[in-house]
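Colleague: I would like a close look at a single part of this model. Please take one helix, go through it face by face, and then place it in its surroundings.

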Amino acid sequence: MGGVTRDVLTNEVPLIFKKEIYASACLAGGGVYLLTNYLQLPQNFQFIATVLTVISIRLLAVKFHLQLPKIKDDLFG
């Protein structure tokens, strides 16, 4: 959240509202962690599944040039 606070204070559009998939990959990883924790799977498995989820999403996004839809700048102006 420090980056978002910095962007708000400097009147810039926060990175999470741009087209990159950083935040989405982290949210998916968090979901995988919560699911594996709920299912009471071993902690080593939880860690590996979470890390592989985040890294896989980022690698696929870079390889296939995947991007989120960009919010129009005029919404923040």
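Modeller: What follows is a walk along helix α3, then its partner helix, then the chain as a whole.

Keep in mind that this is a predicted model.

Start with the span. Helix α3 has 21 residues, and at 1.5 Å a residue these should span 30 Å. The C-alpha atoms at its ends are 30 Å apart, which agrees.

Now the buried side. Which residues of α3 are buried? They are Gln46, Ala49, Thr50, Thr53, Arg58 and Ala61. Looking down the axis of α3, these residues fall within an arc of 150 degrees, so they line one face of the helix. A general point helps here: an α-helix has 3.6 residues a turn, so residues three or four places apart point the same way. What do the buried residues of α3 pack against? They pack against α2.

Gln46 deserves a stop. Its place is in helix α3. Is Gln46 buried or exposed? Its relative accessible area is 4%, and because buried means under 20%, Gln46 counts as buried. Which residues does Gln46 touch, once neighbours within four places in sequence are set aside? The contacts are Tyr33, Thr36, Asn37 and Leu41. One of these, Thr36, is itself among the buried residues of α2.

Gln43 gives a contrast. It too has its place in helix α3. Its relative accessibility is 67%, so it counts as exposed. Gln43 and Tyr33 are 10 residues apart in sequence. In space, their C-alpha atoms are 9.6 Å apart. Tyr33 is also one of the contacts of Gln46.

Turn the helix over. The face of α3 turned away from its buried side carries exposed residues: Asn44, Phe47, Leu59, Val62 and Lys63. Two of those names, Phe47 and Leu59, return in a nonpolar surface patch. Phe47, Ile48, Val51, Leu52, Ile55 and Leu59 make this patch, which covers about 580 Å². Val51 lies in helix α3. How accessible is Val51? Its relative accessible area is 31%, which makes it partly exposed. Patches are made of residues with over 30% relative accessible area, so Val51 passes that cut-off at 31%.

Next, the end of the helix. α3 is followed by His65, with a positive phi near 55 degrees. His65 is not a glycine. In general, most residues other than glycine have a negative phi. His65 is found in the segment after α3. At 66% relative accessibility, it counts as exposed.

Now the partner. Helix α2 covers residues 22-38, which makes 17 residues. From first C-alpha to last it reaches 24 Å, close to the 24 Å expected at 1.5 Å a residue. Its buried residues are Ala25, Gly29 and Thr36. Seen down the axis of α2, they fall within an arc of 40 degrees, so they line one face of the helix. What covers these buried residues includes α3, residues 43-63. The opposite view agrees: the buried residues of α3 pack against α2. On α2, the face turned away from the buried side carries the exposed residues Leu27, Leu34, Leu35 and Tyr38.

The link between the two helices has its own point of interest. α2 is followed by Gln40, whose phi is positive. Where is Gln40 found? It is in the loop between α2 and α3. Its phi is near 55 degrees, a positive value in a residue other than glycine. Gln40 counts as exposed, at 71% relative accessibility.

Finally, step back to the chain. How many helices and strands does it have? Three helices and zero strands. Along the sequence the pattern is α-α-α. Of the 77 residues in the protein chain, 16% are buried. The chain exposes about 6200 Å², and carbon and sulfur atoms supply 67% of that area. Contacts also reach along the sequence. Among those between residues at least 6 apart, 57% join residues at least 24 apart.

To put α3 together again: one face is lined by its buried residues, and these pack against α2. The face turned away carries exposed residues, including Phe47 and Leu59. The exposed residue His65 is found in the segment after the helix.

Technical notes. Residues numbered from 1 in each chain as written. Predicted model: local features only at pLDDT ≥ 70, side-chain atom pairs only at ≥ 80, totals over all residues. Heavy atoms only, no water. Helix = DSSP H or I, 4+ residues; strand = E, 2+ residues; numbered from the N terminus. Expected span 1.5 Å × (residues − 1). Buried < 20%, exposed > 50% of the residue type's maximum accessible area, 1.4 Å probe, protein only. Arc of directions from axis to C-beta. Contact = heavy atoms within 4.5 Å. Patch = residues over 30% accessible without salt bridge, like charges linked within 9 Å, V, L, I, M, F, W, Y side chains within 5 Å. Areas by Shrake-Rupley, 256 points an atom, 1.4 Å probe, with all protein chains shown as cover. Salt bridge = Lys/Arg side-chain N within 4 Å of Asp/Glu carboxyl O.
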